[in-house]
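Visitor: I have not looked at this one before. Can you walk me through it?
Guide: Yes, here it is.

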Amino acid sequence: MFENFPKDFFWGASTSSHQVEGGNDNNWTQFEKENAQLLADNASKTSFFLDENARQARKVENYISGDACDHYNLFENDIYLSNKLGLNAYRFSIEWSRIEPQKGMFDKEAIAHYKKMIRVLRAYKMEPFVTIWHWTLPKWFADQGAFQKRKNIKYFLRFVKKISLEMGQDVKYFITLNEPEVYSANSYFTGKWPPQKKGILNYSRVLNNLIIAHVGAYAIIKKENPSAMVGIAKNNNYFQVASKTFFNRVLKKIADKYWNDYFLKKISSFQDFIGLNYYFRNTIDGWYFRNKNSKTSDLGWDLYPEGIFNVLEDLKKYKKPIFITENGLADAKDRYRKWFINQTVKSIDKALEAGVDVRGYLHWSLLDNFEWAEGFWPRFGLIEVDYKTQKREFRPSALHYGKIISSFKRKKSLKTEK
Ligand code: BGC
């Protein structure tokens, strides 16, 4: 094992500000206040079996991010824990609503906070992967129409410039945007997330504005620091056909084109790497997705870690280095996570052997966290969090991941000694 892995491969984990920090005040906290009761009521109607998950999903407090993991205050301990596992990379995001709580007013303490995070990571010899925007918005920006309006992009770019001036010299890997399609789809097509708009036109306007936002951000960061590596985190799926009928193949082409490739093709001259977030395979069977579902996560998602090979192989055409910036599962009892990580690492090895330039794997997530409109009950963490006491505990799969990393390191150092 690891024959094909480069010596300086990054082994890490990811989080995002709103999901772990606690104490935020942004468009999501507002949405949570207004919708928690409704979401809890809906869960009571739809979940008949009173398993542990269903019980939690029925509670209003499940949907209020509140103190979350208090990562804003406990980040040093969390970084210490991840270093103890042997991780050499950590992806986190900067909370725009903290940096610029009011239009044009930048908060020095918040900036100092993220700079400190970077310093602490460097002290542990861990590489920071900094996401500039992971979905949450300052309220003033949301109120004036967010990314739905092209003229608002300049405010995002002003924020990017601030980050770049303040932190650009200390960060090598910047992720400008997290999963633009997932955001546009949930916030502007299905209406599940704030601002709960619906329709294909809204979706497409926002997505196209995010392309412009990324291209602008790319130029700004590169101007301040030409050696920075800049990309996005892209959610790509493995679209498979149930049978090779003409119709299924056409649908697969459409899905690949619009979900996997559209954004990446538009920004292909403005990215130094591709950040891949892999969670899903979708088996196309006529108008439906029919997965085998032989193993499913607590959220009922089909688990098919091997599909990461197909997605990686498909990304080879962009001729860019690839970092897996997210990959994981909701699994409170840790039944499948070990197996899932094993299969993923094997599939990455296979992709490397097939000539794909993969340079890092960052598991989602370092900690249990606030899973957006689902709330706290889905448990994605390598580290289990007790939300009442803020106690952290490694899940057995975290220790297993740690073992994988240490055997990788042993093998690579043996090789260099020879
Ligand atoms: C997002 C994360 C989310 C994870 C699990 C990704 O799409 O970037 O914020 O928690 O998936 O659903």
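Guide: What follows covers the ligand, the pocket and a few spots in the backbone.
Guide: Keep in mind that this is a predicted model.

Visitor: OK, the ligand. Which residues are around the ligand?
Guide: The residues around it are Gln19, His134, Trp135, Asn178, Glu179, Tyr279, Trp301, Glu326, Trp364, Glu371, Trp372 and Phe380.

Visitor: How does that shell divide into nonpolar, polar and charged?
Guide: Six residues of the shell around the ligand are nonpolar, three are polar and three are charged.

Visitor: What about Glu179, how far is an N or O atom of its side chain from an oxygen atom of the ligand?
Guide: For Glu179 that distance is 2.5 Å. For the side chain of Gln19, an N or O atom is 2.8 Å from an oxygen atom of the ligand. In the case of Trp364, a side-chain N or O atom is 3.4 Å from a ligand oxygen.

Visitor: And how much of the ligand does the protein bury?
Guide: The protein buries 95% of the 310 Å² that the ligand exposes when taken alone.

Visitor: Where does the ligand sit?
Guide: The ligand sits in the largest pocket. That pocket holds about 1400 Å³ of space.

Visitor: How many residues line the largest pocket?
Guide: There are 43 residues in the lining, and Val182, Ala185, Asn237, Trp259 and Phe280 are the ones nearest the centre of the pocket. By type, the lining has 27 nonpolar residues, 11 polar and five charged.

Visitor: Which helices and strands supply at least two residues each?
Guide: The helices are H9 (180-188), H10 (200-224) and H11 (246-266), and the strands are S8 (281-285) and S9 (288-289). H11 gives the largest share of the lining, six residues.

Visitor: Changing topic. Where are the cis peptide bonds at Pro195 and Ser365?
Guide: One joins Pro194 and Pro195, with omega about 5°. Pro195 is in the loop between H9 and H10. Another runs from Trp364 to Ser365, with omega near 10°. Ser365 lies in the loop between strand S11 (358-364) and strand S12 (383-386). Trp364 also belongs to the residues around the ligand.

Visitor: Why point those out, and what is the phi of Gln196?
Guide: They are worth a look because most peptide bonds are trans, and most residues other than glycine have a negative phi. Gln196 is not a glycine, yet has a positive phi of about 55°. Gln196 is in the loop between H9 and H10, where Pro195 is also placed.

How values were computed:
Residues numbered from 1 in each chain as written. Predicted model: local features only at pLDDT ≥ 70, side-chain atom pairs only at ≥ 80, totals over all residues. Heavy atoms only, no water. Near = heavy atom within 4 Å. Polar contact = N/O pair within 3.5 Å; in protein donor to acceptor, adjacent residues only side chain to side chain. Areas by Shrake-Rupley, 256 points an atom, 1.4 Å probe, with all protein chains shown as cover. 1 Å grid on protein atoms, 1.4 Å probe; cavity = no way out; pocket = protein on both sides within 12 Å on 5 of 7 lines; lining within 4 Å. Sits in = over half its atoms within 2 Å of the grid points. Nonpolar A, V, L, I, M, F, W, Y, C, P; charged D, E, K, R; others polar. Points joined across faces, edges and corners; volume = space filled by probe spheres on them. Helix = DSSP H or I, 4+ residues; strand = E, 2+ residues; numbered from the N terminus.
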